[in-house]
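Please look over the structure below. A short report on its fold and some local details follows.

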Amino acid sequence: MGMAAAESQQYHVLAVDDSIIDRKLIERLLKTSSYQVTTVDSGSKALEFLGLQENDETKPITPCVSPKIHQDMEVNLVITDYCMPGMTGYDLLKKIKESSSLRNIPVVIMSSENVPSRITRCLEEGADEFFLKPVRKSDLNRLEPHIKRTKLKDQKQETLQKVENIEQQQILQPESETIIEQQHQQSLQQGNNNKRKTIEQGLSPDRTRPRYNSGIATVV
């Protein structure tokens, strides 16, 4: 397995399509490119898998998941069909981009219809790519750069957050610790002053000045 394939093996793609044939096709293509794949057959099930359920759903959603992957697993990219009953791929895209917790996930739209206005609208709403069906293996080569860019962005945000937390802890350092440090510094300064005074007393002129007695100089 090459290095590129080994890297993509770490990436998890959520594929959404109401057509079982198209769903199996995109799943096979993704697996051939060494991606981990979960498939669902509707936008609402995709949202549930991502942890974002619709409030107006009146019945429980049962995801059509393949393979059986734990739903807490991180999703690195969503690829969805545009034309689906109920929630379209465009609607799903908007839901993801409106969510503060999901908006950074790259989204790719697929469609069997080449409609320029539709493509433009999806790209303006935040889609990273728009593929025309049937999707080819060469199309999937464009996925990894979007995933890598997002992961780098997430790492940068995590680093900035850690720095902010450290700075905040320093700002909120207990006042008692500051006082103890000041007292310690004062104690060191006082000790240095006492030591200097002792040395100065030991070198007092009265101890080193010669004293004359009967014409004989003696040093005390």
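How many disulfides does the count come to? The count comes to zero. The model is a predicted one. A disulfide needs two cysteine sulfur atoms within 2.5 Å. The sulfur of Cys83 has its closest cysteine sulfur in Cys122, 9.7 Å away, so the pair is too far apart for a bond. Seen from Cys122, the closest cysteine sulfur is that of Cys83, again at 9.7 Å and too far for a bond. The surroundings of these cysteines can be stated too. Cys83 is partly exposed, at 36% relative accessibility. Cys122 is buried, at 0%.

**Overall make-up**

The protein has nine helices and seven strands. It has 220 residues, of which 33% count as buried. Take the contacts in the protein with a separation of 6 or more: 64% of them join residues 24 or more positions apart.

**The sheet**

Five strands form an open sheet in the order β2-β1-β3-β4-β5, and their pairing is parallel. The edges are β2 (36–40) and β5 (129–132). Each of these two has a single partner strand, so one side of each is left without a neighbour in the sheet. On average, neighbouring strands are turned by 20° against each other, direction ignored.

The table lists three of the strand pairings, each with one residue pair.

| Strands | Bridges | Sense | Residue pair |
|---|---|---|---|
| β1 and β3 | four bridges | parallel | Leu14 and Val78 |
| β3 and β4 | four bridges | parallel | Val78 and Val107 |
| β4 and β5 | four bridges | parallel | Met110 and Phe131 |

Strand β1 covers residues 12–16, and strand β3 covers residues 77–81. Val78 of β3 is the bridge partner of Leu14. Val78 also stands opposite Val107 in β4. From β3 the chain crosses through helix α4 (residues 89–98) to β4, and this β-α-β crossover is right-handed. A further right-handed β-α-β unit is made by β4, α5 and β5.

Helix α5 (residues 116–125) packs on the sheet. The helix touches β4 (107–111) and β5, and its direction makes about 150° with that of β5.

How is β4 covered on its faces? Both faces are covered. On one side Val107, Ile109 and Ser111 are buried; on the other, Val108 and Met110 are buried. Five of the five residues of β4 are thus counted as buried.

His12 lies in strand β1. His12 is buried, with a relative accessible area of 0%. Along the chain, His12 and Asn76 are 64 residues apart, yet their C-alpha atoms are separated by 5.3 Å.

**The annotated aspartate**

Which residue does the UniProt annotation "modified residue: 4-aspartylphosphate" cover? The record, an unreviewed entry, places the annotation on Asp81. Asp81 is found in strand β3. Why does Asp81 count as buried? Its relative accessible area is 6%, and buried means under 20%.

Asp81 has contacts beyond its sequence neighbours. Leaving aside residues up to four places away in sequence, Asp81 touches Val16, Asp17, Asp18, Gly89, Met110, Ser111 and Lys133. Two of these residues, Met110 and Ser111, also appear among the buried residues of β4. Met110 has Phe131 as its bridge partner in β5.

**Backbone details**

Two places in the backbone deserve a look. Most residues other than glycine have a negative phi, and most peptide bonds are trans.

Lys133, listed above as a contact of Asp81, leads into a cis peptide bond. The bond from Lys133 to Pro134 has omega near -5°. Pro134 is found in the loop between β5 and α6 (137–140).

Ser34 is a residue other than glycine with a positive phi, near 75°. Ser34 sits in the loop between α2 (20–32) and β2. Is Ser34 buried or exposed? Ser34 counts as buried, because its relative accessibility is 13%.

How values were computed. Residues are numbered from 1 along each chain as its sequence is written. This is a predicted model: local features need pLDDT of at least 70, side-chain atom pairs count only at pLDDT 80 or more; totals for chains, interfaces and linings use all residues. Side-chain values use heavy atoms; hydrogens and water are left out. Two strands pair if DSSP finds at least two bridges between them. Axes are lines fitted to C-alpha atoms, for helices over the stretch in contact, and angles run from 0 to 180 degrees between N-to-C directions. Contact means heavy atoms within 4.5 Å. Buried means under 20% relative accessible area, exposed over 50%, partly exposed in between (1.4 Å probe, protein chains only). UniProt positions are given in the numbering used here, feature names are shortened, and annotations may be inferred rather than shown by experiment. A crossover is right-handed if, with the strands pointing away from the viewer, the path from the first strand over the helix to the second runs clockwise.
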